[in-house]
Each structure stands twice: as structure tokens, then as C-alpha cells.
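Colleague: Could you take me on a close look at one part of this model, the second largest pocket, and tell me what lines it and how its surroundings are built? I'd enjoy a connected walk-through.

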Amino acid sequence: MGSEQLVRRLPNDIGGDPAGKIEMIEHELLPWEKRCHALADVLDFHKIINTEEKRRGVEALGGEMIGKLSYYERWIVAFSNILFQKGVLTPGELAVKMKEVEARFTPNDGGHG
């Protein structure tokens, strides 16, 4: 076995892989995406989750999950997993909070109020 086979490529490690042209498309962030970005800043400011942990958290999702989730959906799932691992948050506490937030919005607001 060659040494290159001993090192596992992470899902986001696509440098050098064959690919087509990258289409850069500017779009305005949705309100929940802006809040997700702000949450990342707050978690980093308070030294709860830093940028490297966030990157590793996204990588830990695996290629299949990364392919299914949007950019900020990956962040949210990674933050949740890291906070569970650190004992800052439990899945039950997150579920309760999600129900509270969901109850604030009517079905016609797109769910991302």
C-alpha cells in the first residue's frame, strides 16, 4: 500500500480533481443564512467554536451529507454536532428550541422568518 493511500482525502479536499468551470453566482443571503453567519461569529468570539473546528465539523459530515446540504445548512449541522460533543447543548434542548422558533412563524412566511 502506497503512502498516498494511507492518507484519506476529506470531502472538501477537491484540489487537483478534474472538474468543469466554477460558475460564480452572487446571491443575497436569506435571513436565516445571515443569522447562521452571525451565530458563527458569536461562537468564535466567545471561543466556543473556532473556524478550524467549524471546518472539521463540516468535513466530519462526510461527502454524501455535504453533497446534500447547502453551504449554511452544513454549518448549522456542524455547529450542532460540535456543541453536542462539547456538552454545551443536548439534542433534546435543540429540539425544544426548534419547536419554540417554529411556533413563532406562520406557514406563509417560508419558515425562515
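Modeller: Happy to! The chain exposes about 9,000 Å², and carbon and sulfur atoms supply 59% of that area. Keep in mind that this is a predicted model. Of its 113 residues, 19% count as buried. The fold has six helices and zero strands, and among contacts with a separation of 6 or more, 62% join residues 24 or more positions apart.

Now to your pocket. The second largest pocket has a volume of about 150 Å³. Its lining consists of Asn12, Lys54, Arg55, Val58, Tyr71, Arg74 and Trp75. By character, that lining divides into three nonpolar residues, one polar and three charged. Helix 3 (51-59) and helix 5 each supply at least two of the lining residues.

Two of these names lead us inward. Val58 and Trp75 line the pocket, and both are also listed with the most contacts inside the largest nonpolar core, along with Cys36, Leu43, Ile49, Tyr72 and Phe79. That core has 15 residues; helix 2 (31-45) and helix 5 (71-86) are the elements that give two or more residues to it. Helix 5 gives the most, with six residues.

Lys54 offers another link. This residue lines the pocket and is in contact with Ile49. Leaving aside neighbours within four places in sequence, Ile49 also touches Leu43, Asp44, Phe79, Ile82, Leu83 and Lys86. Among these partners, Leu43 and Phe79 are again on the list of core residues with the most contacts.

Conventions. Residues numbered from 1 in each chain as written. Predicted model: local features only at pLDDT ≥ 70, side-chain atom pairs only at ≥ 80, totals over all residues. Heavy atoms only, no water. Helix = DSSP H or I, 4+ residues; strand = E, 2+ residues; numbered from the N terminus. Buried < 20%, exposed > 50% of the residue type's maximum accessible area, 1.4 Å probe, protein only. Contact = heavy atoms within 4.5 Å. Areas by Shrake-Rupley, 256 points an atom, 1.4 Å probe, with all protein chains shown as cover. Core = buried A, V, L, I, M, F, W, Y, C linked by side-chain atoms within 4.5 Å. 1 Å grid on protein atoms, 1.4 Å probe; cavity = no way out; pocket = protein on both sides within 12 Å on 5 of 7 lines; lining within 4 Å. Points joined across faces, edges and corners; volume = space filled by probe spheres on them. Nonpolar A, V, L, I, M, F, W, Y, C, P; charged D, E, K, R; others polar.
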